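Got your viewer up and a selection box ready? Here's a stop-by-stop walk, with something to pick at each step.

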Amino acid sequence: MATGVAIVSSSIMASSSAMALNIFVCEPEWQALVHSHAPDANIYSATTAKQDPHYVQARPSLIAKMRQADMAMCSGSELEVGWLPMLQVRSGNPAVQDSAPTMLYASDMVGMLDTHDHVDRSMGDIHAHGNPHVQFAAEYMIPISREVTKRLQLLDPDNAHTYMRNGMKFRANWRNKLAEWETKAEPLQGKNVVGYHATYRYLFDWLDMAQIADLEPKPGISPTTSHLQSLTKLDPASFDAIVYSSHQDQRPANWLNQQINKPTIQLPLTVAEGQSLDQMYDQVIDELLRTLVNPDTSTRS
Amino acid sequence: MNKKLVSLAVGSILVSPVFADTLSNPQIGVVLDGYYQDGQRNNSERGEGFGLGHTELNMSANIDDKFYGSLTTVIEAHDDETELLLEEAFIETLTMPYGLSIRGGRFLSDFGYLNNQHMHTDSFVERPAAYRTFLGSHYYDDGVRANIVLPTDLYVKFGVEALSGSKMSSVDDGSDVGVYTTTLKLGDDFSESSSWQFGLSYLRNENGKVCEFGDHDHGHDHDHDHSHGAAVTGSNLYGADFVWKWAPNGNYKYQNFTLAAEYMLLDGIVDDKYKNDAESPDTLAGYYVSGVYRFSPSWSAGLRYGEAESYDGHAHGDHMHFTAMNDKEADAMIAWDSSHFGTVRAQYSRVENQSKETDNVFTLQYVMTFGAHGAHAF
């Protein structure tokens, strides 16, 4: 690492012990995760649960937040390629450049699914590095937590012990929750769904479920009438429900529901305001169980 | 399904990053722009009939941990000639302290709102008449820039540039550093759903004032020879710009609206010795207001109105002959996006030009990109 960067980083470290760290995250799930490790930090999320993280404006307020960040964390794997590089360059902040140890990408710690040797845009908006929706890569939250701890300790050595303790607490809790979720979600094994986008690829892989078709004709291309028509010809026995996210247009899912009478499930894209990461997983698994396993007790209208 | 063992193994193997750089290096992108046009807008680079617009080849990458570099070449075809233009070739610092960044080489000036944005991101076929008149559509030049972003929640950016000014020169042998600019940008969110940016710009042009006019030969008359310089120049160009963007809950995918407006004022246009001549230009102003509404992920529509004052001047033996002119342009466009990377646009413009003639211009255009697709500015 260049001496210039080292000097800048050390001056950030020196000043940070006096005041709370400013941490910029691209998506709310990383706000929840970082908060578990550094509860005293000011964590700002660039997007909300209602926004599609592919389509975000590199707006002035985000550049201003990026300028002040001591550390930044994003999903990576080109999920934020349409706006994050603009924020990095425009902020003039060395701490958030890709070369800095304080710029962290969660997908660097994840064994990526759906990586491609050959990517062509006729295949839609797909990423050669793999599916970037790693907030549902449940088992990889353990190595992500380790890396977050390490980077926080590097940035703020005075509080290294606190970060270590918080990280261990997070991972111990997460391991318990993993075991609990896997037991609870056993009835979901082998369930098949039609999904809007490959948002839950990691979740379904982990729970032994499968998404057999997408409402989008190609990744990132909005559902078209002709494509939805073709989905009505799917074998009704081949899937159990239609899944979409809270930030997505619900009309295509509802239309298909009327045509083929399969239930729709709206799942969160990320944590809700004030929700922790494990609470979001609880919610997702409960939603899936309620529709796919216990439809009789369903309270949905 | 022994998940516990898997997670333990994963935890120990994957503590170090798998790929440090999640973006490919270097990024190479191509912009294809073609059109069919009936009629012509004043000071425009697009002629009648079939033609190619701004065909771009861009390459950019981090050079190392301290510098970023970018190269943009533009290929333009006019009749039988094909021109290769170097629009950008710059390096920029990444790790300066205090929110500073320095750029050197050839680049698009930060003056105004649209100027530093690449043409393929525009919502209309042409830049507004004010840009075509005062900045040669988009002003790029050789020089240096320094920017500083303040560490405040209100976005405050202050920038200065020193540029050669050769495209903006109206004298034969002017200063080597002809143009200086200073810009101030402010911006913030009104709410989760809407954001704004306000800018003030000043451009000092040491070689902008016209001191001599030839017989019927002033540098103004560029209508048909597609010069890339400004149509009129002066000593000082002032600019103010405002942009407001809105999307429900800040989710820009399904629906959004952009309102943009800019005002420019040029002074110090001709030498004092001409100030008593009839219609000798003192100040010239230009502005536009545009609104673009995206009503579905694939469709958007927009309206724009703009005016730009200019003049014509030529010597008649021992006396001068000045004519004040004003371009007025109203545009309506509708665009279909085949994906994030392809756009087909139809635009109708009602043009009222200097000689008070109105003209209807219709353009059907595609702008498509392949390869790397850089992040867009606000």
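What follows goes from domains to sheets to helices, and then over to the second chain.

**Stop 1: the two domains of chain A**

Keep in mind that you're looking at a predicted model. Start by colouring residues 3-178 of chain A as domain 1 and 186-296 as domain 2, as the domain assignment has them. Put a pseudo-atom at the C-alpha centre of each domain of chain A and you'll find the two 27 Å apart. Where they meet, 28 residues of domain 1 of chain A are in contact with 24 residues of domain 2 of chain A.

Now look at the domain 1 side of that meeting place. Select α2 (28-37) and α6 (160-184) of chain A: each supplies at least two residues to the side of domain 1 that touches domain 2. Which of the elements gives the most to that side? That's α2(A), with five residues. Colour this side of domain 1 by residue class and you should get 12 nonpolar, eight polar and eight charged residues.

**Stop 2: the sheet β2-β1-β3-β4**

Stay on chain A and show strands β1 to β4 as a cartoon. Four strands make an open sheet here, pairing in parallel, in the order β2-β1-β3-β4. Pick residues 42-45 and 103-105 of chain A to see the edge strands, β2 and β4, each of which pairs on one side only. Neighbouring strands of this sheet are turned by 20° against each other on average, ignoring direction.

Zoom in on β1 (residues 22-25) and β3 (residues 71-74) of chain A, which run parallel and are joined by three bridges. To find one of the partners, click Ile23(A), then look across to Met71(A) in β3(A).

Next, bring α2(A) back. This helix lies across β1, β2 and β3 of chain A, and it runs at about 165° to β2(A).

**Stop 3: two crossing helices**

Select residues 60-67 and 84-91 of chain A, which are helices α3 and α4; their axes come within 9 Å and cross at roughly 60°. That angle makes α3(A) oblique to α4(A). The crossing of α3(A) past α4(A) is right-handed.

Show side chains for the contact: Leu62(A), Ile63(A), Met66(A) and Arg67(A) come from α3(A), while Leu87(A), Arg90(A) and Ser91(A) come from α4(A). By class, this contact of α3(A) with α4(A) has four nonpolar residues, one polar and two charged.

**Stop 4: the sheet β6-β5-β7-β8**

Move along chain A to strands β5 to β8. They form an open sheet of four, ordered β6-β5-β7-β8, with parallel pairing. Select 210-214 and 264-267: these are β6 and β8 of chain A, at the edges, and each has a single partner strand, so one side of each has no neighbour in the sheet. On average, neighbouring strands of this sheet are turned by 35° against each other, direction ignored.

Pick β7 (residues 241-245) of chain A, which pairs with β8(A) in the parallel sense over four bridges. Ile242(A) is a handy place to click, as it stands opposite Thr264(A) in β8(A).

Two helices are worth adding to the view:

- α9 (residues 251-260) of chain A packs on the sheet and touches β7 and β8 of chain A, its direction making about 170° with that of β7(A).
- α10 (residues 277-292) of chain A lies across β7 and β8 of chain A and runs at about 175° to β8(A).

**Stop 5: across to chain B**

Unhide chain B. How many residues does each chain bring to the contact between A and B? Chain B gives 55 residues and chain A gives 58. On the chain B side, select α1 (3-13), β6 (100-108), β7 (140-149), β9 (179-189) and β10 (194-205), the elements that give two or more residues each. The largest share there is six residues, and it comes from α1(B). Sorted by class, the side of chain B that touches chain A has 25 nonpolar, 19 polar and 11 charged residues.

**Stop 6: strands of chain B**

Finish on β5 (residues 81-93) of chain B, which pairs with β6(B) in the antiparallel sense over four bridges. Click Glu92(B) and follow the bridge to Arg103(B) in β6(B). These two strands, β5(B) and β6(B), form a hairpin with six residues between them, and Tyr98(B) in the turn has a positive phi of about 60°.

From β6(B), step over to β7(B): the two pair in the antiparallel sense over nine bridges. Your last pick is Gly105(B), with Gly143(B) opposite in β7(B).

Terms used: Residues numbered from 1 in each chain as written. Chains lettered and ligands numbered in written order. Predicted model: local features only at pLDDT ≥ 70, side-chain atom pairs only at ≥ 80, totals over all residues. Axes fitted to C-alpha atoms, helices over the stretch in contact; angles between N-to-C directions. Parallel < 35°, antiparallel > 145°, perpendicular 65-115°, else oblique. Left-handed = near helix turned anticlockwise from the far one by under 90°. Contact = placed C-beta atoms within 7 Å. Nonpolar A, V, L, I, M, F, W, Y, C, P; charged D, E, K, R; others polar. Domains from an automatic or database assignment. Pairing = 2+ DSSP bridges.
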